[in-house]
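Student: Could we go through this model and check its labels against their cut-offs?
Tutor: Sure, here it is.

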Amino acid sequence: MSLPEMDQLFQAKQLAMANSPEQMLPKVLETSASLYHSKSASTLLKLELSRFIPDLLLDILRHEQIPVTQKPFIASQHLNCLWSICQNVRDSIAYKFSILAFSASYPLLFDLVAKASNQEMWDTMQQMKTFIVSKWNTTYPLNPSSDNANEDFIDDARSIGTRLATAKFISEIVIVHTSRNNSSNSSGKNRASSISISSVPDNHPIISNKQSIESEAKKFLDILLNYLIEEPMMVSSIFIGILNCLSFIMIQRPQATMRIITSLLKFNVDAKFQADNISVLNYRLGKRFVERCYKNFVQFGLKSQLIKNSGSMSAQHSKLSKISQTLYVIGEETRSKGILNFVPEEIENKMSNKDKQKYALLRKKQQMPRSLTKDQSLPSIVSPPLQQATLNNIDNSVVNTNGNNSNTRNDRNGRNSNSTGANSSSRSVSGTSNVDSTTKLLMNLQNYTMSKNNISTFFNSSPVTIDNSYSSIYSLMNSKNSEQDMSELPQDVIIKLCSEAFYKTDTTRMISGLSIVASRYTDLMNKTTQIQTDSKKRKAEDQHQQEEQEQSKKVKREGSVDLKVEEGGGDNQNDDNDDYTVESEHREHEVELMKPTPMTAEQKMAHVERIVQNIMSIKDSDENPGITSAVGKGQQPLEKIKILEWDNSKSWLCILTRLVTRGLSSNERMSDFIRQTLYDYFIQDFNGRIGMVLEWLAEEWYYESLTGLDTDNSPLETSFVNYDKWSIKLLEGLNPLLENQHRRTFIRLMSELPRIQQQHIDMIRPICLDPARTSLGFQTLKFLVMFRPPVKPMVKIFLETLMQEDETASEQCVAILNKFY
């Protein structure tokens, strides 16, 4: 049954894979996670999402286009969702992909904890690790087939996918939790392989028990080795998977090679029994596959010098070499006889009832710790899980946000923390409301900082603020502000947060951030000063205008008698007042209107580039602009408008050629940019765009012919600067691209060029001297001699020079000279 939500998510994933995966894939993952946590999601939808989310996370972590620096934060963001799926969903597909995704995430999360000291993340990782390893060599998430101990061995071949994923995860734990020595082969491309416990400082506040972690890694390695030795049934898929995992461990941690090969000598393929529900042929095939993988594993170790023939490894080297040779002989014999050519009675190796009782009793003893409570259980070979540290302590919350080492050590040693001046025991959740609010603020701050960790640069680097508030001055990770009210935190906590942030931040990044803040502050101060200056100026102008009006009224009153007697005077006075009013209004508009700031040369160039790109894009448009002009009716043909009717496929070229020769001819940089654009466009498909380049060069020649006339209207030879330059460049660019099948294109180009000089003819020399293209060059020369007579003397000079330079071309040169000259 197809769910519409899942169909949409699968379509979104496909689109994100094809278009901007580094931006779109994390968004698809976030949407899927929010749907999974939604209370309105149905059971069936949650099941499908539990399969989709780990698989998508695994694709993101393996995708090459997603930045390596962004992957740890994506993994940390969805760690809790992964843990919820792994713990709560009893589906083999979802569980398998959850283990694989966590296996790929573990080195990145380990490195993130080592750098950010996130206690909550570390605890979640340990819980998930303990849960996955505790399910090793079980049918989880499937239920056992039977409660009968003698039938337990039937389940050994079930849940193969989840067991292989768990083996992969265990090998990843071994690699990360084992120190990396100088001989480890970790390439720079695989960043995860360089992450190990050795990169964690000894005094780390979270990963503090390095010795026990390394000891746990050895026990995890023993889990894989013991399975090879102690598993009684022939489970070929898991045996092959473990051998492949061991090869990766040997490559990245060579110091474990001795431990691996010593245990591998106890791995007896012939002693593995055939399951009751497996046919003899399948048993024979499985055994053959394991022997082949065993042989390849040993040969790989020998060739890569991981298994050395010296020192303490010499004895193991000799034994494994013999085993490899024996397995090779067995394989050759089987190949010669045929895998199907065997006697079933000789191959069959089923377990007897006595062996079943013996191995069942042994398996019960090994699984004894699992009979404890659900949260306490772990295989005896696995070290107990780390105790979960309390998250209610204020200093621990500070550590989770900024990695404060000193406060964490004080809390672990039982000393009083100095963050609030109170005893650490008074900081529990059941404490005062002040502690609760502070803890809540710190947790919100931690979530906010973790959500911004995947941003490599400042999100808001504008030197101008959005408003006049203090928050807008200092906001670098949001467009407005972070909505984090730091004023409610105690002063000593704020000091610790700031000092730790300064200590952790790169100097260049800190200077860049302070420069942005300083620019915003300076801009606000300048705006405030300008506003105050303008306000004072307006007040002075208003006061001056008011005084002038009062003076005018006073003069009016004093001369009122004279104005009544002398009508002409009154008219003149009114005219003066009108003139004053118009002049004051004009002066007021002059103050308000501002002249536009002249553009710089770079700004003009950027505009030209954008205009050219827009004009070039018109040729591929299907829209019909409908531009038709009736101008030109009754005029001479040469006086009509060039673009009488718009055509997307042709009009763009006319605009650009006219623009480069006439519109921008005074600006060499801009005009050369358009010429380079036309040149690049032609070179991309010269065989199909020959007409376009001829129209461009004709326009260049025509314009320079008009502008380069002498006093007697005769063209000057030195006037065709741009035409000669770009036509020669065009021929140079075509030289390495031309082949014999382009004969018509090249002949048309050379015959229709509006102006040909000796230097144009000389450009054919490389083609004539190329044995594979000789016919193309000489056919073009013949065509020019026959159908373009003005070029005939130039071709003669070229042929005579070519004969002197290369004797191999003399025969064809003589043939043309004798025939046409």
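What follows is a chat about where the labels come from.

Student: What should I keep in mind about the model before we start?
Tutor: It's a predicted model, where local features need pLDDT of at least 70, side-chain atom pairs count only at pLDDT 80 or more, and totals for chains, interfaces and linings use all residues. Residues are numbered from 1 along each chain as its sequence is written, and side-chain values use heavy atoms, with hydrogens and water left out.

Student: Okay, helix packing. Why are α7 and α9 called roughly parallel?
Tutor: Helices here are DSSP runs (H or I, at least four residues; strands are E, at least two), numbered from the N terminus. Helix α9 covers residues 210-230, and α7 packs against α9 at an angle of about 25°, with the axes 13 Å apart. That makes the two helices roughly parallel, because angles under 35 degrees get that label, while over 145 is roughly antiparallel, 65 to 115 roughly perpendicular and the rest oblique. The axes are lines fitted to C-alpha atoms, for helices over the stretch in contact, and the angles run from 0 to 180 degrees between N-to-C directions.

Student: And which hand does the crossing of α7 and α9 have?
Tutor: The crossing is left-handed: the near helix is turned anticlockwise from the far one by less than a right angle, whereas clockwise would be right-handed.

Student: How do you know that α32 and α34 deserve the "roughly parallel" label?
Tutor: Helix α32 (residues 774-787) and helix α34 (residues 810-820) pack at about 15°, their axes 11 Å apart. They are therefore roughly parallel to each other. The crossing of α32 and α34 is right-handed.

Student: On to backbone oddities. What makes Ser-117 stand out?
Tutor: Its phi is positive, about 55°, although Ser-117 is not a glycine. Most residues other than glycine have a negative phi, and most peptide bonds are trans. Ser-117 sits in the loop between α6 (92-116) and α7.

Student: Is Ser-117 buried or exposed?
Tutor: Buried means under 20% relative accessible area, exposed over 50%, and partly exposed in between (1.4 Å probe, protein chains only). Ser-117 comes in at 3%, so it counts as buried.

Student: Why is Gln-305 called exposed, then?
Tutor: Gln-305 has a relative accessible area of 53%, so it gets the exposed label. Gln-305 also has a positive phi, near 60°, and lies in the loop between α12 (280-303) and α13 (314-337).

Student: Where is the cis peptide bond?
Tutor: It joins Tyr-140 and Pro-141, with omega about 5°. Pro-141 belongs to the loop between α7 (119-134) and α8 (160-176).

Student: What makes Asp-270 and Lys-287 a salt bridge?
Tutor: The term asks for a side-chain nitrogen of Lys or Arg within 4 Å of a carboxyl oxygen of Asp or Glu. The closest N and O atoms of Asp-270 and Lys-287 are 2.9 Å apart, so the pair qualifies. The two partners are 17 residues apart, with Asp-270 in the loop between α11 (257-264) and α12, and Lys-287 in helix α12. Asp-270 is partly exposed at 48%, and Lys-287 is partly exposed at 21%.

Student: How many salt bridges does the structure hold?
Tutor: There are 24. Another is Arg-662 with Glu-699, closest N and O atoms 2.9 Å apart. That pair links helix α25 (residues 651-663) to helix α27, 37 residues apart. Arg-662 is partly exposed at 37%, whereas Glu-699 is buried at 13%.

Student: How do you know that Lys-725 and Asp-672 make the cut?
Tutor: Their closest N and O atoms are 3.8 Å apart, and that value is within 4 Å. Lys-725 in helix α28 (residues 721-734) and Asp-672 in helix α26 (residues 668-684) are 53 residues apart. Salt bridges that share partners join Asp-672, Arg-675, Glu-700 and Lys-725 into one network.

Student: Last one: which residues form the nonpolar surface patch?
Tutor: Trp-701, Tyr-702 and Leu-706 do, with about 280 Å² of accessible area together. Patch members need over 30% relative accessible area and no salt bridge; nonpolar side chains (Val, Leu, Ile, Met, Phe, Trp, Tyr) are joined within 5 Å, like charges within 9 Å. Accessible areas use the Shrake-Rupley method with a 1.4 Å probe, and for residues only the protein chains shown count as cover. Leu-706, in helix α27 (residues 690-707), is partly exposed at 46%.
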